[in-house]
Amino acid sequence: MPSLEELLHSLHTVFGYDGFRPLQREIIETSLSGRDVFALLPTGGGKSMCFQLPALHRAGLTVVVSPLIALMKDQVDQLQAAGVAATFLNSSLDSATARSRLAGLHRGEFRLLYVAPERLMLDNWKENLRAWNVACLAIDEAHCVSEWGHDFRPEFRQIAQLRDLLPEVPVIALTATATERVRADIVQHLRLRDPAVFVASFNRPNLTYKVQPKDEPLKQILAWVKRREDESGIIYHASRAACERTAEALAARGHAARPYHAGLDAAERARNQELFLRDETKIICATIAFGMGINKPNVRWVIHYDLPKNIEGYYQETGRAGRDGLPGDCLLLYSGGDIAKQTHFIDEMTDAEEQRRAREQLRLMSHYAEGSACRRRELLAYFGETFPADNCAACDNCLEPRETYDGTLDAQKFLSCVYRCRQASRFGVGLNHIVEVLVGAKTDKVLKWGHERLSTYGIGGDKSRHHWLSVGRELQRLGHVCAGGGEFPTLELTAEGLDVLKSRRPVTLTKPDELTPKARRSPIRREGDLECDEILLAELKKLRKRLADEREVPAYVIFGDKTLRQMAREYPTSERDMGGIFGMGEKKREEFGSTFARFIGQFLETNPRQRFGG
């Protein structure tokens with residue numbers, strides 16, 4: 001078992017880091033002691049280091065089970081750039097390359113092997129695994145094993161068979177997002193033995209969250225992108241057609257944007273992804289098919305063009321921004337129409353339990369989008385975590401709280417309508433029907449059930465459907481109405497709601513965005529911790545891209561943005577000066593240190609050295 005000093009030495013000399021991130025040290029030491037580990041760390045929280053660093057201190061091979069080809073290649077490229085003997089085997093390799101790598105594995109040349117789960121189950125692989133002196137099995141993106149997770153993959157269930165094949169080999173399962181139920185599923189289906197469980201905070205302090213009413217979304221996106229022209233971003237859509245439309249609109253205005261969805265052939269998808277990883281394409285317009293395992297650290301923003309189906313997926317997708325620890329912005333465009341569309345799809349589901357689960361997930365997601373509370377607090381609460389502060393200073397609701405109003409009369413009208421509909425028909429009705437009665441609509445159902453004769457019919461005709469939908473959803477959030485227990489999504493008064501109706505006590509509601517007179521400004525972009533010479537930074541990025549292109553790897557395989565920012569702040573002009581730069585391991589300093597130092601020296605010949613506070 002290596003000492004802490006030995007682990008820190010490897011962390012610094014190989015990877016260029018001076019210290020561990022939260023829980024990394026505990027996870028690494030526990031895994032090296034031979035115990036099974038379950039680790040839940042947020043995206044950008046350093047999951048990979050939890051099996052990469054121990055692999056350097058183990059006698060034998062660490063096998064990393066990974067769901068995506070792109071992720072395998074990406075991580076192996078970065079490990080090799082840091083001087084670590086790592087390789088991958090998957091269907092993208094020609095037979096000669098695969099044979100060569102297999103021979104290297106038999107000779108014990110590698111510390112880490114990345115592989116897809118289905119390959120591990122092939123008959124000849126059982127002999128291979130026995131012959132390769134496997135010292136640890138790491139399951140990345142472990143939530144794929146659970147059908148309760150947001151990305152279930154049946155082939156992950158087969159991994160448990162390796163417990164019989166390699167009974168003494170410790171397992172470490174890692175994920176960035178999992179509810180209590182999914183965590184229990186992972187432990188059970190991977191047959192983890194008395195695992196040490198580590199759960200880090202889900203908070204991503206460098207991300208800013210914002211929700212905007214969807215109003216001419218292409219115009220909103222173009223305005224957003226115009227302010228961030230040199231930054232990489234992802235725009236998520238619910239449909240392939242919307243991906244194509246957005247990519248075409250952006251490209252027509254000179255932005256480097258491309259689509260990514262399952263309707264494109266595999267070659268085009270791979271090409272568009274590669275162009276994005278290499279910063280040739282700045283913007284990917286994607287369905288949720290894109291992104292899991294994309295280890296691109298300098299994605300600066302993520303937009304959701306449509307309402308996500310659930311909070312877990314939303315958290316995972318927004319988490320692709322700011323993986324390098326520098327600021328990232330997350331924007332959700334939201335309209336009531338998104339809820340209607342998703343409700344329609346849910347209504348067509350045939351499995352009653354699946355339908356119930358989807359409705360509950362949609363309700364939570366719409367509450368998040370429409371709520372006036374701190375968005376960070378809401379996200380963390382979903383994962384069972386309490387955010388300690390009242391104001392996160394990094395979401396629209398904290399930066400610019402929504403206006404409230406005396407909603408007592410609106411609440412009385414709405415609650416009374418729910419009560420009258422139930423009293424008249426002896427059954428509950430849905431939110432949309434309540435709204436139709438309030439605004440005085442003559443729909444088939446209103447007339448069929450005689451609800452045009454109710455005293456509440458038309459009493460809300462002075463306000464829009466959007467307004468009443470918003471009132472209804474907020475009263476649900478406040479606990480005054482709740483979803484009925486029947487087959488269809490109906491509304492029922494709670495005891496609290498009945499008390500509010502009878503006592504006429506005051507109710508404060510949040511103004512829907514359409515009622516807020518002033519336009520809500522964009523949240524203030526927070527600068528990164530590291531001020532630097534922005535002109536030098538831009539030139540260093542060009543140098544990095546040139547070196548990356550020569551090696552046919554993404555730019556961040558050379559150095560991350562955080563490393564370049566520190567260079568552009570401290571102006572190291574010799575290889576020796578590079579020693580304290582973040583992310584500068586010995587192999588990288590040896591390969592690139594003098595090139596960057598010389599470049600910075602030449603820059604200073606014609607540009608003044610800037611001074612920075614702090």
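# A tour of two sheets, some helices and some rings

Select His304 to begin: this residue sits in strand S12. Helices (H or I, at least four residues) and strands (E, at least two) are DSSP runs, numbered from the N terminus. The model is a predicted one, in which local features need pLDDT of at least 70 and side-chain atom pairs count only at pLDDT 80 or more, while totals for chains, interfaces and linings use all residues. Residues are numbered from 1 along each chain as its sequence is written, and side-chain values use heavy atoms, with hydrogens and water left out.

**Stop 1: around His304**

Is His304 buried or exposed? His304 is buried, with a relative accessible area of 2%. Here buried means under 20% relative accessible area, exposed over 50%, and partly exposed in between (1.4 Å probe, protein chains only). Now show what touches His304, leaving aside its neighbours within four places in sequence: Tyr236, Tyr314, Glu317, Thr318, Leu331, Leu332 and Leu333. Contact means heavy atoms within 4.5 Å.

**Stop 2: the sheet of six strands**

Strand S12 belongs to an open sheet of six strands, in the order S8-S13-S12-S9-S11-S10, with parallel pairing. Two strands pair if DSSP finds at least two bridges between them. Strands of a sheet pair through backbone hydrogen bonds, either parallel or antiparallel. At the edges are S8 and strand S10 (257–260), each of which pairs on one side only. From one strand to the next the twist averages 15°. Axes are lines fitted to C-alpha atoms, for helices over the stretch in contact, and angles run from 0 to 180 degrees between N-to-C directions.

Add helix H12 (residues 266–277), which packs on this sheet and touches strand S9 (232–236), S10, S11 and strand S12 (299–304). The direction of H12 makes about 135° with that of S10.

Next, colour strand S8 (residues 207–213), where six of the seven residues are buried. Seven bridges connect S8 with strand S13 (residues 328–334), and the two run parallel. To see one partnership, pick Gln212, whose bridge partner in S13 is Leu333. At the S10 edge, four bridges join S10 to strand S11 (residues 283–286), again in parallel. There, Tyr260 stands opposite Ala286 in S11.

**Stop 3: the sheet of seven strands**

Move to the open sheet with the order S3-S4-S2-S5-S6-S1-S7, which has seven strands and parallel pairing. Which strands stand at the edges? They are strand S3 (86–89) and strand S7 (196–199); each has a single partner strand, so one side of each is left without a neighbour in the sheet. Neighbouring strands here are turned by 20° against each other on average, direction ignored.

Inside this sheet, select strand S5 (residues 134–139) and strand S6 (residues 171–175), which run parallel and are joined by three bridges. Ala138 stands opposite Ile172 in S6.

Two helices can be added. Helix H4 (residues 69–81) lies across S3 and strand S4 (112–115), at about 160° to S3. Helix H9 (residues 180–189) packs on the sheet, touching strand S1 (37–40), S6 and S7, and its direction makes about 150° with that of S1.

**Stop 4: helices**

Show helix H3 (residues 49–56): eight of its eight residues are buried, so H3 is largely enclosed by the rest of the structure.

Then select helix H18 (residues 408–425) and helix H19 (residues 431–439), whose axes come within 10 Å and cross at roughly 105°. The two are therefore roughly perpendicular to each other (angles under 35 degrees count as roughly parallel, over 145 as roughly antiparallel, 65 to 115 as roughly perpendicular and the rest as oblique). On H18 the contact is made by Lys413, Phe414, Cys417, Val418 and Cys421, and on H19 by Leu431, His433, Ile434, Val437 and Leu438.

**Stop 5: aromatic rings**

The structure holds 12 aromatic pairs. Rings of Phe, Tyr and Trp (its six-membered ring) pair if their centres lie within 6.5 Å; planes under 30 degrees apart count as stacked, over 60 as edge-to-face and the rest as tilted.

Zoom in on Trp125 and Trp132: the ring centres are 5.3 Å apart and the planes at 85°, so the pair is edge-to-face. Both Trp125 and Trp132 are buried.

Finish with Phe202, Tyr315, Tyr382 and Phe383, which ring pairs link into a cluster.
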